[in-house]
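Here are my notes on the model you sent, set out as numbered points. Please read them with the structure open beside you.

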Amino acid sequence: MVLDSQDTSASNLNVTSTFVDRQQWLETQLQLLRNSLRQGQQSLADWNRGQMAVSAVPGAGKSHSLSVAAAIAIAKNQLHSRKQLVIVTYTRSAAANIKSKIRDRLKELKLPPGGFVVHTLHGLALQIANSQKELSGLNLDNVTIMVPTVGHRIIRSAVDRWIAKNPRHYQVLIEGVQFDGEETEKLRRQSVLRTEILPSLTNIAVREAKSSGLLPEDLWEWSKTATDSYQVLAIAAGLYQQYQELMRSRDFVDYDDMILAALRVLDYQPMRVLWQNQVFAVFEDEAQDSSPLQEKLISILAENAFPTSAPNLVRVGDPNQAINSTFTPANPIYFNWFCNDCEQQGNLATMNQAGRSSKIIIDAANFVLHWVNQQTLEKHKTSPVEEVALPFRSQNICLVDSDDPQPEANPHPEGKGLEIKIPDDVYHTVELIEQRAIALLQANPHRSIAILVRENRQGRFIAEKLAHLPKENSIKVYEVGESERYSQIPQEILTLLQFLDRPHSPDNLKSALEVLTQRGLIPAQDLNALATYPEQFLYPSPLQEEQKPSVLQARRYCCNLLRARLELPHYQLIPFLGMTLKYTGGELATVQKLSEKVNLQIAHHSSLKSTIEALEEIVISEKFEGVEEDTGDRYTRNGQITIITMHKAKGLDWDYVFLPFLHDDVLPGELWVPVAARFIGYFTLAEVARAQIRTLMHHKLLLENNKAVANTIPNPVEAWTEAERLKQAEEFRLLYVAMTRAKRLLWISAADLGPFRWSIFRGDRPSKMQKKKPCPALPALIKQFPQCLV
Ligand SMILES: Nc1ncnc2c1ncn2[C@@H]1O[C@H](COP(=O)(O)OP(=O)(O)OP(=O)(O)O)[C@@H](O)[C@H]1O
């Protein structure tokens, strides 16, 4: 059918007016969406070009506003699959969460669910590296991704190779601060260096240097100006070099290699332009946790292909929630610098209103933040204020306005909202928690409870004491550390099998004894003394001194293991070891699954050696998952008591939060050197290397930004003091993160009596307890909120 000209223009008019209506409708919706945000959040939604930093407080709605801002940017700039907004975050669950939020927003705007991608940083790096395998040198068909740990074969081999190549340097370490040449002591020191000090130095120095984009050569260069007698940086450089060579020769890559591979692709200009043309902007969440290498990757992607202006880069984070910097290379200093730079350019936004918690909980968290900063200033009274590195960015959490859109924002507190207790001992603590938790859930079965602990061993203790609740009170207790322990199982079994294979190796014996100690099967003792001469330990002659009861117990365990090796067929060894290690429930199911998997793999060439090889493969590639019940938001389920570490609790919240065992020896605690390693001095080489690399890296970055610095390497004692300062600052930030997880009730306590060390405490046996000092923030809180001491 042919339309006459009048019809055509009418229909064109119709189309045009529909288009205009639709545009107007969209504009209105976008405006409404923007107005649904709080003031600080709106700056994020108003961003349209260039760099921007957003410093937010806990519960400010970072992911909420990031998803709204993303939807607005996608709609306004009509983004599509060839011009996308890239959102990066750190965990897969956070990525999935933001993705679904953005999709929901786009659906409300009647827009297709495209124009954006959400990646974890490593996922993004992998995608870029995979797009050009020749340039990146990373072919996932050939390589194995692995996460090196101190006990890992690669790290141990790097140490052995370094020792073989540097006998004189090794001798300097053996002699330590003082040495009389005695043979047994020499063997003991060798064992400590080979199995503890140098593996830990390798692990930390390699990760720190690599994630800062440094090569072994950079460390060599820097080490030339160092004056310490051990030459820690030179050792670190040598170990790093050995590690790299071993990784390459075995086709292994670590997570930093993935980012380096992506950067190699982006180094090549045509590829860089190709990628940059596809990226409209990069939004980063949890920016306080970035390493310099990660920051470099997203900054390059966010640049315009033909740069005339600043990169389109928005980084959202909370420097006060940086709690990974003492065990990963993440360091909040970089995000703080980014915030300061943006502030100077007028591009810093602050999100300081939060609706998560009751007022009293917010007051308590703000109080701790300022109190800790104040204490730090007082400790460094003689230094100029601007030179004191404070643990916290001075940022108050504020309540939301009365017309805030968040349902039940700043809810009414439960009871006093903040309850502080000083129980008699750790058993009494759990009894008090139990009583309070039962009463709370009886009154409000649809609310959630968490007990946040500093270390898994504390969680285990509480879980054991609350084990009767499901049966007697129909309250589910979910211990998060339990499933994590499953991932240790292959390594523990492997360690014992390696001992069975070569029982006369001091390393194998020591590792096996470590596993037995960690599982609480033998008493903690100086394992180096037992492992130095395996034969004397396992088969003492009548001429030898009688073994102490703790040594006897360890020997009995080891000899039983060796007997089993002779008596059992090797395919039964894994389940037997599972029983020996006293695994229970889910752990035993996991061992069974592991055993089946290994036996299937070695069906045609079954032997102890092949069992070990198959297990090594599983441990290296992390391809084995424990027997888990289910996934999803199982940590925050209503009506359940979740026991979880403070670290894992980040990003989550519960109605009622219990923080037991807030003792001074852990919070803030002190850096500690194992007695066996003190012949080196009162510091650890790993921490010294970390502090030295960090200082030099900071100098390097400051120089690149034309800022003046004195380029000196801290000596070991200075580096150790700096490491301690960082650790204590981080512990206080961890406390702050833990406190801000609570919505309606924050229950905190420090018992009068507790175990000397949790790692060796067995809650099911009578053990002596010690008088404990509370975390220093606790008396300060009691003074500030006396009505809350219950
Ligand atoms: N403008 C808003 N309107 C409605 N709800 C909001 C708004 N801003 C935040 N919220 C709600 O506040 C809660 C906290 O938000 P979110 O979990 O994103 O905070 P966060 O900043 O990531 O917290 P934390 O850093 O402490 O983990 C969420 O339930 C979110 O939906």
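1. Where a helix is said here to lie across strands, the contacts are between residues whose C-beta atoms, placed from the backbone, lie within 7 Å, and the angles run from 0 to 180 degrees between N-to-C directions. The model is a predicted one, and the points below should be read accordingly. In these terms, helix α15 (residues 332–344) lies across β1, β7 and β8, and its direction makes about 120 degrees with that of β1.

2. These three strands belong to an open sheet of 6 strands, ordered β3-β2-β6-β7-β1-β8, in which the pairing is parallel. The edges are formed by β3 and β8 (348–351), each of which has a single partner strand, so one side of each is left without a neighbour in the sheet. On average, and with direction ignored, neighbouring strands of this sheet are turned by 20 degrees against each other. Helix α14 also packs on the sheet, where it touches β2, β6 and β7 and runs at about 150 degrees to β6.

3. Strand β7 (residues 313–317) deserves a closer look, since 5 of its 5 residues are buried and it is therefore largely enclosed by the rest of the structure. In a regular strand the side chains alternate between the two faces of the sheet. Here Leu313, Arg315 and Gly317 point one way, whereas Val314 and Val316 point the other way, and all of them are buried.

4. The partners of β7 can be followed residue by residue. With strand β1 (residues 51–56) it pairs in the parallel sense over 5 bridges, and Val54 stands opposite Val316 of β7. Strand β6 (residues 279–284) is joined to β7 by 3 bridges, again in parallel, with Phe283 as the bridge partner of Val314. Elsewhere in this sheet, β2 and β3 run parallel and are joined by 5 bridges, and Ile87 stands opposite Val118 in β3.

5. Helix α5 (residues 121–131) has Leu121, Leu124, Ala125, Leu126, Ile128 and Ala129 buried. The buried residues of α5 pack against the strands β2 (84–89) and β3 (116–120), and against the helices α6 (133–136), α12 (255–267), α13 (269–278) and α14 (292–302).

6. A second open sheet of 6 strands, also with parallel pairing, has the order β9-β14-β13-β10-β12-β11. At its edges stand β9 (418–421) and β11 (476–479), each with a single partner strand, so that one side of each lacks a neighbour in the sheet. The twist from one strand to the next averages 20 degrees. Within this sheet, strand β10 (residues 449–453) and strand β13 (residues 654–659) run parallel and are joined by 3 bridges, with Ile451 opposite Phe658 in β13. Helix α18 (residues 456–465) lies across β10, β11 and β12 (640–645), and runs at about 155 degrees to β12.

7. Which domains give residues to the shell around the ligand? Domain 2 (38–133 + 270–351) and domain 4 (360–484 + 632–788) both do, so the ligand lies between them. The shell holds 20 residues, the closest being Pro58, Gly61, Lys62, Ser63 and Gln406. Its largest share, 3 residues, comes from helix α3 (residues 62–76), and by type the shell divides into 5 nonpolar, 11 polar and 4 charged residues.

8. Finally, Ser93 in helix α4 (residues 92–108) is partly exposed, because 15 other C-beta atoms lie within 10 Å. The C-alpha atoms of Ser93 and Asp633 are separated by 9.5 Å, although these residues are 540 residues apart along the chain.

Notes
Residues numbered from 1 in each chain as written. Predicted model: local features only at pLDDT ≥ 70, side-chain atom pairs only at ≥ 80, totals over all residues. Helix = DSSP H or I, 4+ residues; strand = E, 2+ residues; numbered from the N terminus. Buried ≥ 20, exposed ≤ 12 C-beta atoms within 10 Å, placed from the backbone. Pairing = 2+ DSSP bridges. Near = placed C-beta within 6 Å. Nonpolar A, V, L, I, M, F, W, Y, C, P; charged D, E, K, R; others polar. Domains from an automatic or database assignment. Contact = placed C-beta atoms within 7 Å.
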